[in-house]
Amino acid sequence: MKRSRLTAAALSAVSAAALSIATGSAVGQNAAPTGATAATAAPGIDGPPLPDVPTDGADPNAAVISQQRYSTVYEGKPGEIAGNPFVDAVDGVDADGKPSRTLLLSWQANEDVASANSQRTLVRSVDRGYSFPSGHAEGISGFYRKLRDGDILGVEFIPAKVIDSHRVTLLQKRSKDGGRTWKTEYATFTTDKTFNAAFDRGIRVHRDILEDPQGNLLLTYYTSYEGESAGTAELAISRDKGRSWQRYATIFPPMGNRSFNEVGITWAVNGDLVAVSRSHVGSTLSQLYTARSADGGKTWSAAVPVSIATASGEPAPQTGVMPVLDLLPNGIMTLTFGRPDNWVAISPDGLGHSFEQAQVTYRNYPDQDTGTFQRWHGSSGNGAHAVVNPNRILQVGDNCAPSWGCPATDSGFQVDGEYRVWKKFIDINGPGVGRIDLLSKYHNGAISIDTDMTATNKHLPEMRPVGAIDGSTDWASSAVRTGGDGTGRYTLTLDRAYTLNKVGLSLHPGLPSSAVVEVSTDRTRWTKVVDTRSITSYALTYFPIDHVAARYVRITVNDPNADRAGGAFLNEVELYSTTDSFENDAVGYVPRGYTNAIGATVTDENTDGDGHALRLADAWNDATAQATWASDPVSTQQLRFRFQSIGYARTLQFITNGVTASGATVPAFQIAMQSDGRLAYYDAATRVWTKITTADQAIPQKQWHAIEVKATLTSAEVFLDGESVGTVPPTTAGVTALVGHTFTTTGTASTYDNFVIDDVEQTGRA
């Protein structure tokens, strides 16, 4: 589906014409203002805006950040410190054995003083961060990683003790049961340099634990060495699963009196390591710097300031703390940081050379200027994020910085002056609107998997055939074949035939591999649509497909590293089609590609087990819920979709839009399911609705049904659940081309219409 270059005025004209309802009202009667200018909704720190005025969805062919509303994870009694939260995510399964992400979220309970010992509270979520338990366990002020043996390792921010001028003892926690219980352990970190005796306890571990393709652990930390002009940020390595650590490389050496400390680090899609660090000039907080390594962290490029462009076009922040980097499964790199406020930005190409669309995610500061750093009072800007879905992160932060953020002398806070830990989901979707929700369909029994990649591991429950469609690109979350010849075959039987236009593949994480993708409609004749050649996967790589029909998708992996690296891996698969299932859209937002929308948002409720759908909800008596997809002119156009009514049984209109010789945009075929459940079409000249289905064919509420409209310039055949129910004449005479579709509810006087629409497919031919 392609968006056309129709004007906002033309789109408004379509929507106005669409308001002729089942009661026989005139075109445009009681309509919303037709001269309204469509405006792109700007994401806000409180979540998606209410689309009660004409609003466009975001660009369907670009990467988009969409913030959800924030909520409170923890607020104790007044004055109880709770701030500087961290969060990490690991793969696992939920209580039903389905793939999930376990989140380990902790926050600081002690004052923010360099010499203070950590007091940390740890909570655990097993449902991708939607809920956290009320009970709290003793945690560490550190960072967590799931290892290839199934252990979860956490390393404390502050060492337990200094052994000598080259060694410290690290406090660590290790869990063998998915984070339910923990054992304390100690590990020695050794450097070949000499600690500056003035630096408290030698080093600070901060912020990330990564695993390289060989299974070694990489850990960032900062310190100060004798003879150096300022603080440095470095990389440690462990070759024994975290039981000992050695200095591996300097990432950010001192630059005169500029020191570096907190470091976020991640893999880029090309296998580079990308790091972003907080910096200080003397004692003054300064900007974020970045460096990269092309050899697994051994050597690093010279540090340069991070390139950040804001979503608003205003200047980017000139300071920053707590940078956290992640490469999402969809190949987009995320950066969160703070001070002042909390921020998110993305690198759409996954390379991390620059970041764009930076926007505030949380803000709390006082309006009474009582000190030099008053603008930094309130929320500390510290926080973190974890990847919870292929296109979603959970960001956490605080409302007041521990000990110094909300002094009694400050007032007029944007939120308030209480200690509180908050969380917020942020959707980060890449190009394309036709992603098929393979995991939901698998759980519903709508699709099946046939594969010889059946390896399992009792310590890694995420390693199994469904691991290749679970939305995670972590190492163990894969379909794996062991003991073979390095090949593996993985076949998906889809719930119906789709016209595929893109496939995403992640093969053996971090190591070269290749795959061939074939499709079939009958499982007898196969067509090769993708040959990846040799690729090294750090996230999904997307391959275009030339609109090929497929009921069966077969992926054959050839993994040259199978013998030495755990088997032949298929890490993750995504399929995209010409059917818009809204899976690559953010809940609460106007779906991407739709324009002139009112009351039209993506939902994850009432979706019949699929992940997302389009909801049309009419809550106003002076407007109508509506959304338009505009496309290039064609002479024939087919519109297919599924829907159910979950509100009052009124009217859902589905309109094939057209243009006349004068260029006017009009309803070419205006068809509706009316309040009695019967289908009807509208004649604009006579202003009369004519029924095309009988009472016996009435569509009941809260049941899914399929509609198809096959339109030419002179007539349209209408199908209900695959059966033809009639051919209707044009609503408006003189249409010269068909240009998309509009969904709309009943007239403006009525309210509480509520329809859920899914699997929308519009095709056409010039």
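Two strands are taken to pair if DSSP finds at least two bridges between them. The exercises below apply this to a predicted model.

**Exercise 1. The open sheet**

Determine the strand order of the seven-stranded open sheet, its edges and the pairing of strand 43 with strand 52.

*Solution.*
1. Strands of a sheet pair through backbone hydrogen bonds, either parallel or antiparallel.
2. In this open sheet the order is 40-41-52-43-48-49-50, and the pairing is antiparallel.
3. Strand 40 (600–603) and strand 50 (723–728) each pair on one side only, which makes them the edge strands.
4. Direction ignored, neighbouring strands of the sheet are turned by 30° against each other on average.
5. Inside the order, strand 43 (residues 636–645) and strand 52 (residues 754–765) run antiparallel and are joined by nine bridges.
6. Within this pair, Gln 644 stands opposite Val 756 of strand 52.

**Exercise 2. The largest cavity**

State how many cavities of 30 Å³ or more are counted, and describe the lining of the largest cavity.

*Solution.*
1. Rolling a probe the size of a water molecule over the atoms shows where empty space is left.
2. The count gives five cavities of 30 Å³ or more.
3. The largest cavity holds about 840 Å³ of space.
4. It is lined by 48 residues, of which Arg 145, Leu 210, Asp 326, Thr 473 and Asp 474 are the closest to its centre.
5. Two or more lining residues come from each of strand 4 (83–93), strand 8 (142–146), strand 13 (203–211), strand 17 (258–267), strand 23 (321–327) and strand 27 (383–389).
6. By character, the lining divides into 24 nonpolar, 11 polar and 13 charged residues.

**Exercise 3. Strand 27 and its partner**

Describe the covering of strand 27 and its connection to strand 28.

*Solution.*
1. Strand 27 is among the elements that give two or more residues to the lining of the largest cavity.
2. Six of the seven residues of strand 27 are buried, and the strand is thus mostly covered.
3. A hairpin through two residues joins strand 27 to strand 28.
4. The two strands run antiparallel, with six bridges between strand 27 and strand 28 (residues 392–398).
5. Ala 386 stands opposite Leu 394 in strand 28.

**Exercise 4. Asp 341**

Decide whether Asp 341 is buried or exposed, and identify the partner of its side chain in a polar contact.

*Solution.*
1. Asp 341 lies in the loop between strand 24 (333–338) and strand 25 (342–347).
2. Buried means under 20% relative accessible area.
3. Asp 341 has 4% relative accessibility and therefore counts as buried.
4. The side chain of Asp 341 makes a polar contact of 3.2 Å with the side chain of Arg 363.

Methods
Residues numbered from 1 in each chain as written. Predicted model: local features only at pLDDT ≥ 70, side-chain atom pairs only at ≥ 80, totals over all residues. Heavy atoms only, no water. 1 Å grid on protein atoms, 1.4 Å probe; cavity = no way out; pocket = protein on both sides within 12 Å on 5 of 7 lines; lining within 4 Å. Points joined across faces, edges and corners; volume = space filled by probe spheres on them. Helix = DSSP H or I, 4+ residues; strand = E, 2+ residues; numbered from the N terminus. Nonpolar A, V, L, I, M, F, W, Y, C, P; charged D, E, K, R; others polar. Axes fitted to C-alpha atoms, helices over the stretch in contact; angles between N-to-C directions. Buried < 20%, exposed > 50% of the residue type's maximum accessible area, 1.4 Å probe, protein only. Polar contact = N/O pair within 3.5 Å; in protein donor to acceptor, adjacent residues only side chain to side chain.
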